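Subject: Structure handover

Hello,

Here is the structure I said I would pass on. Please open it alongside this email and look up each residue as you read.

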Amino acid sequence: MTEDVVKDIRWNYWRPSIPVFVGLFYVFQGLYLTALSVYQSVFMTNVWGLPYGTIAWLSAVLLIPGYLKSFTGLLSDRVPWMRLGRRRPYIIVGGLAYIPCFMLLASITEFGLPWIAAIILATWAWVLVDGTLDALTVDVTPPEKMGLVQGAAWGCRGVGAAIGSMVITMVALQYGWTTAIYIIGAIAILMAVSGLLIKEPPVRQETLPNVKDFKEVFSKSSTWAGFVYTMIYFASAGMMWFFGPFLLRNVGISIADLGIAMAVMQIGNFVGCMIVGRASDKVGAKKTSYVMSILFWCGLAFWMTLTPGASWAWILAVSAIYGLVSGGLTTPLLRIIMELSPPVLGGFMFATYASTANFGAGTIGALTIGYFAPMLGLPMAIYSLIPYTIVGCILLPFTRPWDPSKETSAKTS
């Protein structure tokens, strides 16, 4: 598929409403994922009293659909449903799959295989809906708007997450967990419905991938550089798993206060995503990544000021700063992932890059901090991730990021 055809399709189907619909989708996603996580945590620990070893084993098993996200993405790339399209049908299937799994969850009171099966089905439905929506945004978003779309997506997901944990806990306490589970399911269905608001380009033979397209994509050095860059650079975000425990153990705040601090952090994340996303549309992901890499570590320096007895106002301020720089670091990376995912393989490539980024943060970054924490303690151990940021910045040019100045020169020449 030629680059000209790609650009024509993206601009022909771009609408100013797309960032709004994407933002709405990710608000529901943030609500859904956070509420489901709270439900799982409460039932596995407080209700069923499962040992930590069992919880760890379950965490790996329940995420099996997430490990296969690339293949569900490839399914929507390669197998259209005739006139229904190649994206929207899979969003519909995923949305409908939520109905039986949450009806089953609402009826389960004992831990066992039915509960595990229902959670896996819910996770599979989420992977199908989320991965297909990502592919659809790749189909209709031109390079000049990718920062805006990714800023809206990641930022609004944070807003949803900020609301989700507090709302679902209040509902469960007031009306019981059966009602709360039905509400989680309703949120999941609304998430899928909001994804259908984006108009899909018609299926054409040249938009369906074949062996030649795979060879073309994977023969590019920028593709492989993208995988390494994504994994290494996003390892810098590994401290996201430690922010909550740091506030609880090192600073000594209560669980109730942690919920407020995390909500403030997510609001800061939203602001950072939107500002940096728009900036990347103006100057490109490379410049914004370099600037945010510096600001990110400067912002994390404020962790050093948080000690037992720190004022509540300052704790919230540092939480907001962390959210701001964290969102600013993440958005250009997501933009690069979007740039490296051609529409012909948008579902497969975006999902694969996203999985690579999650591996970088959740495995490489988190394990690095875990290794240095006993020696250096938190928050000093987080600075062991600085080399990943540096290496990521060195690798970034090899991904051949979109350059708006070259785009302008081409149009005027």
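Below is what was found, taken one place at a time.

One point before the details: this is a predicted model, and the values that follow are computed from it.

**Isoleucine 18 and helix H2**

Start with isoleucine 18, which belongs to helix H2, residues 18–47. Its relative accessible area is 2%, so isoleucine 18 is buried, the limit for that word being under 20%. What does isoleucine 18 touch, once its neighbours within four places in sequence are left aside? The contacts are Tyr13, Val140 and Ile198. With isoleucine 198, the C-alpha atoms are separated by 6.4 Å, although the two residues are 180 residues apart along the chain.

Helix H2 also packs against helix H8, which covers residues 146–175. The axes of H2 and H8 are 6 Å apart, and the angle of packing is about 35°. The crossing of H2 and H8 is right-handed. Sorted by class, the residues in this contact are 16 nonpolar, eight polar and one charged.

**Threonine 137**

Threonine 137 sits in helix H7, residues 113–140. Is threonine 137 buried or exposed? Its relative accessibility is 2%, so threonine 137 counts as buried. Not counting residues up to four places away in sequence, threonine 137 touches Val22, Val149 and Met338.

**Aromatic pairs**

How many aromatic pairs does a search of the whole structure find? The search finds 25.

One of them joins phenylalanine 214 and phenylalanine 348. The distance is 5.7 Å centre to centre, with 65° between the planes, and the pair is edge-to-face. Phenylalanine 214 is in helix H10 (residues 211–218) and phenylalanine 348 is in helix H16 (residues 346–376), so this pair ties together parts that are 134 residues apart in sequence. Phenylalanine 214 has a relative accessibility of 25% and therefore counts as partly exposed. Phenylalanine 348, with a relative accessible area of 13%, is buried.

Tryptophan 303 and tyrosine 322 form another pair, with ring centres 5.4 Å apart. Why is this pair edge-to-face? The planes of the two rings are at 70°, and the term applies to planes over 60 degrees apart, so the pair fits it. Tryptophan 303 lies in the loop between helix H14 (285–300) and helix H15 (312–339), while tyrosine 322 lies in helix H15. The pair therefore ties together parts that are 19 residues apart in sequence. Tryptophan 303 is buried at 0% relative accessibility, and tyrosine 322 is buried at 3%.

Ring pairs also build a cluster, made up of Tyr39, Phe43, Trp48, Phe111, Trp115 and Trp177.

**Cysteines**

How many disulfides does a search of the whole structure find? The number is zero. Cysteine 298 is in no disulfide, and the nearest cysteine sulfur to it, that of cysteine 393, is 13 Å away. A disulfide needs the two sulfur atoms within 2.5 Å, so cysteine 298 and cysteine 393 do not form one. Cysteine 393 is likewise in no disulfide, with the sulfur of cysteine 298 as its nearest. Cysteine 298 has a relative accessibility of 46% and counts as partly exposed, whereas cysteine 393, at 17%, counts as buried.

Regards

Key
Residues numbered from 1 in each chain as written. Predicted model: local features only at pLDDT ≥ 70, side-chain atom pairs only at ≥ 80, totals over all residues. Heavy atoms only, no water. Helix = DSSP H or I, 4+ residues; strand = E, 2+ residues; numbered from the N terminus. Buried < 20%, exposed > 50% of the residue type's maximum accessible area, 1.4 Å probe, protein only. Contact = heavy atoms within 4.5 Å. Axes fitted to C-alpha atoms, helices over the stretch in contact; angles between N-to-C directions. Left-handed = near helix turned anticlockwise from the far one by under 90°. Nonpolar A, V, L, I, M, F, W, Y, C, P; charged D, E, K, R; others polar. Phe/Tyr/Trp six-rings, centres within 6.5 Å; stacked < 30°, edge-to-face > 60°.
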